[in-house]
Amino acid sequence: LEPSPRDTAPAIGLACARLAGESPAPIAGVFPADHVVRDVAAFVRAVRVAIEAASRGQLVCLGIRPTRPATGFGYLRCARKPAGLRPVPVERFVEKPDAARARRFVRSGRYLWNGGMFVWRVERFLEELRRCAPAVFRAAREAARGRAGGWGRVPRISVDYAVMEKATDVSVVPLDAGWDDVGSWEAAARLQEAAGGGDGDVIRVDSPGSVVFGASRLVALVGVERVVVVDAEDALLVVSRERSGEVKRVVETLRARGREDLL
C-alpha cells in the first residue's frame, strides 16, 4: 500500500487506516516478514491470547523469551515476571543494550525481546496514533483515501518511537515458539551455522565464528573472529557479528550521499 517507504509507523498507520472500514471492529496483527517461527502451534496459541487481550482494548506486543543476552534486539520490561501465556503490562520499551545490561536483563526474568509483533483493535491503535503522532496519522489517513500527496513529507519513524513508547494500556504476551530474527546478518549467520552449510569458495584460517555469504569468487579469511562477509555483485560488506545491527548506519550514509542505486 505504501507510496514509498517511511519506516514502520506510517506503514502500519496506513494499513490500519485501510482496514478501518473493512468491518465494524477489525483487529489487526502486525508480523514482520524477516522472522523464523519453528513451533507454529505455540505461535498460534500466543496470537489467540493476544487477540483476546486486544478485544478488551489493550495494545498487545508479542514478546520473545530471551535465550541469550542479545545486544541486537530491543527489550520489553514487564511489570512482573511473565508466566505462561498470560498478558503482562509493559512498563518500558528499552533500546538495544550493551552486553552487560543484556546479561542483567536476562537474569532478572522481567525482560522479553521486542520482536516488533503487535495485535490491537484498529480503532484503538488509530486513536493512539492520532494522539502520539498526529502528522503520521494525517498522512496515513489521506493516503488510505487515495490522496498520497503529503506522504513523502511524513517523518520516517518506527512504530515504537511514534506510538508504543507513549501509549497507554500496553501489554505483552510471552512467546516461546522457536523464534529467531533473520533481519540481521548475525541472525543469518546463526541460521547458516545451524544448517551446517557454507556459501561459495571460502578459506578460513584462524577465523572462528566467521561466516561468508554470496561468495562469487574466492574469499579468504585470516585471523578475523566472528565477522560476517557479504560478497554482493555491487558492494562488499564486512561487519562484526556483535555489531551487525549497525548496518543501518551504512544505509543512512548511502541515503545521505544519494546512492539510491544501492538501496
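In which sense do strand 12 and strand 13 pair, and over how many bridges? In this predicted model, strand 12, which covers residues 227-231, runs antiparallel to strand 13, and the two are joined over 5 bridges. One position where this pairing can be followed is valine 230, which stands opposite leucine 237 in strand 13.

These two strands belong to an open sheet of 3 strands, whose order is 10-12-13 and whose pairing is mixed. At the edges lie strand 10, made of residues 211-213, and strand 13, made of residues 236-240, each of which pairs on one side only. If direction is ignored, neighbouring strands of this sheet are turned against each other by 15° on average. Helix 7, formed by residues 185-195, packs on the sheet and touches strand 10, strand 12 and strand 13, while its direction makes about 100° with that of strand 10.

Another part of the model to examine is strand 3, which spans residues 59-64 and pairs with strand 7 as well as with strand 6. With strand 7, residues 170-175, the pairing is parallel and extends over 6 bridges, and here leucine 59 has valine 170 as its bridge partner. With strand 6, residues 111-121, the pairing is instead antiparallel and extends over 5 bridges, with leucine 62 standing opposite methionine 117.

How much of strand 3 is buried? The strand is mostly covered, since 6 of its 6 residues count as buried, a word that here means a relative accessible area under 20%. Both of its faces are covered, with Leu59, Cys61 and Gly63 buried on one side and Val60, Leu62 and Ile64 buried on the other.

Definitions and conventions:
Residues are numbered from 1 along each chain as its sequence is written. This is a predicted model: local features need pLDDT of at least 70, side-chain atom pairs count only at pLDDT 80 or more; totals for chains, interfaces and linings use all residues. Side-chain values use heavy atoms; hydrogens and water are left out. Buried means under 20% relative accessible area, exposed over 50%, partly exposed in between (1.4 Å probe, protein chains only). Helices (H or I, at least four residues) and strands (E, at least two) are DSSP runs, numbered from the N terminus. Two strands pair if DSSP finds at least two bridges between them. Axes are lines fitted to C-alpha atoms, for helices over the stretch in contact, and angles run from 0 to 180 degrees between N-to-C directions. Contact means heavy atoms within 4.5 Å.
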